[in-house]
Amino acid sequence: MSFSSIASMLSAAQESGQPLYAVIRDADCQENGYDAAASHRQIAALWAAMQQSSRQYCASDRSNSGLIGGDAARFRAAAEAGRLLGGTYFQRVTEEALKVAECNACMKRIVAAPTAGSCGVLPAVLIPLAEERDVPEETILQALYIAAGFGQVTALRASVAGAEGGCQAEIGTASAMAAAALTHILGGTAQQCADAYAIALGNLLGLVCDPVAGLVEVPCVKRNVIGAVNAVSAANMAVAGITSRIPVDEVIDAMGEVGDALPASLRETGLGGLAATPTGRQAAERPRRTLNASVPQAEPLAAGRIFAGKGLTDGQNHGNV
Ligand code: SF4
């Protein structure tokens with residue numbers, strides 16, 4: 001990508017008088033040799049796939065290990081019974097994050113945004129907002145360009161892979177992308193999008209990658225929830241005029257440095273953190289079920305370089321698929 005910093009993206013938008021999303025879209029087109037119409041088709045296809053990744057949820061599905069399944073349905077039932085805190089949007093954010101991340105654990109098709117492990121965060125904040133506020137699709141697509149552009153800068157300057165930078169690089173980046181996207185939809189400025197990104201990423205700095213049994217299941221599914229909820233809070237703060245005291249590119253660099261400082265046991269090896277607890281170790285020793293033949297296995301689609309060059313994929317991939 002032609003931008004090595006978010007500051008340079010913001011400057012390019014300011015100097016050209018173009019909206020931030022258009023600057024990011026045009027840079028992506030230039031780099032990859034396609035036109036704006038092709039780029040639009042691609043980002044629209046990704047948005048459609050994100051929505052589908054939620055619709056395909058099935059409460060009876062279980063992951064191959066048996067560790068994951070049914071939690072989004074449990075959450076929905078409790079919400080409908082009026083037993084939960086938070087408004088409708090906030091509750092749906094949690095439900096959607098669980099749904100899509102569970103689908104990933106059950107090998108269904110998701111959009112890696114920026115990774116498969118963090119696939120639930122963006123759909124979780126965007127799907128309920130689009131439905132509840134009747135947000136035009138074009139506005140959602142603009143927000144996705146901003147999320148993708150900022151995510152690409154993070155991949156370039158630091159990492160979006162748990163194996164390199166810990167979960168802060170995966171869920172942290174997804175959360176920051178979602179915060180920037182939400183801020184755009186809520187009418188925030190380009191600088192406020194950058195502030196939301198910095199706040200969300202900064203709030204998850206140091207989060208380790210410790211998948212139980214080496215599977216993208218525990219704690220990954222529930223970490224999608226914290227990434228989504230953190231994104232909503234960061235976007236709300238940015239739209240309210242609260243700024244990040246540390247400039248966004250410095251926050252990204254700090255995330256990269258923290259990732260470098262993490263021991264190998266906390267970078268997707270399954271040897272530390274929750275994976276190393278007695279229960280985590282027991283789960284790793286348990287025999288796996290054979291894959292349920294009824295679980296649909298979709299073919300991955302090429303989806304261009306947006307979302308850190310990834311896009312649609314089947315579930316359970318680690319990091320940068
Ligand atoms: S695999 Fe690691 S980085 Fe990815 S969601 Fe799970 S804990 Fe986070």
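A crossing of two helices is right-handed if the near helix is turned clockwise from the far one by less than a right angle. In this predicted model, the crossing of α5 and α11 is right-handed. Helix α5 covers residues 88-105, and its axis lies 8 Å from that of α11, at an angle of about 145°.

On the α5 side, the contact is made by Phe 90, Val 93, Thr 94, Ala 97, Leu 98, Ala 101, Glu 102 and Ala 105. Helix α11 contributes Cys 220, Val 221, Asn 224, Val 225, Ala 228, Val 229 and Val 232. Sorted by class, this contact has 12 nonpolar residues, two polar ones and one charged one.

Cys 220 of α11 also leads to the ligand. There are 15 residues around the ligand, and those that come nearest are Gly 117, Gly 162, Cys 167, Cys 209 and Cys 220. Two elements, α9 (167-185) and α11 (220-239), give two or more residues to this shell. Helix α9 gives the most, with three residues. By class, the shell has seven nonpolar, four polar and four charged residues.

Helix α2 takes up residues 20-32. At 1.5 Å a residue, its 13 residues should span 18 Å, and because the C-alpha atoms at its ends are 19 Å apart, expectation and model agree. The buried residues of α2 are Leu 20, Tyr 21, Val 23, Ile 24, Arg 25 and Asp 28, so named because each has 20 or more other C-beta atoms within 10 Å of its own. Just after α2 comes Gly 33, with a positive phi of about 75°.

Notes. Residues are numbered from 1 along each chain as its sequence is written. This is a predicted model: local features need pLDDT of at least 70, side-chain atom pairs count only at pLDDT 80 or more; totals for chains, interfaces and linings use all residues. A residue is near a molecule or strand if its C-beta atom, placed from the backbone, lies within 6 Å of it. Helices (H or I, at least four residues) and strands (E, at least two) are DSSP runs, numbered from the N terminus. Ala, Val, Leu, Ile, Met, Phe, Trp, Tyr, Cys and Pro count as nonpolar, Asp, Glu, Lys and Arg as charged, and the others, Gly among them, as polar. The expected span of a helix is 1.5 Å times one less than its number of residues. A residue is buried if 20 or more other C-beta atoms lie within 10 Å of its own, exposed if 12 or fewer, and partly exposed in between; C-beta atoms are placed from the backbone. Axes are lines fitted to C-alpha atoms, for helices over the stretch in contact, and angles run from 0 to 180 degrees between N-to-C directions. Two residues are in contact if their C-beta atoms, placed from the backbone, lie within 7 Å.
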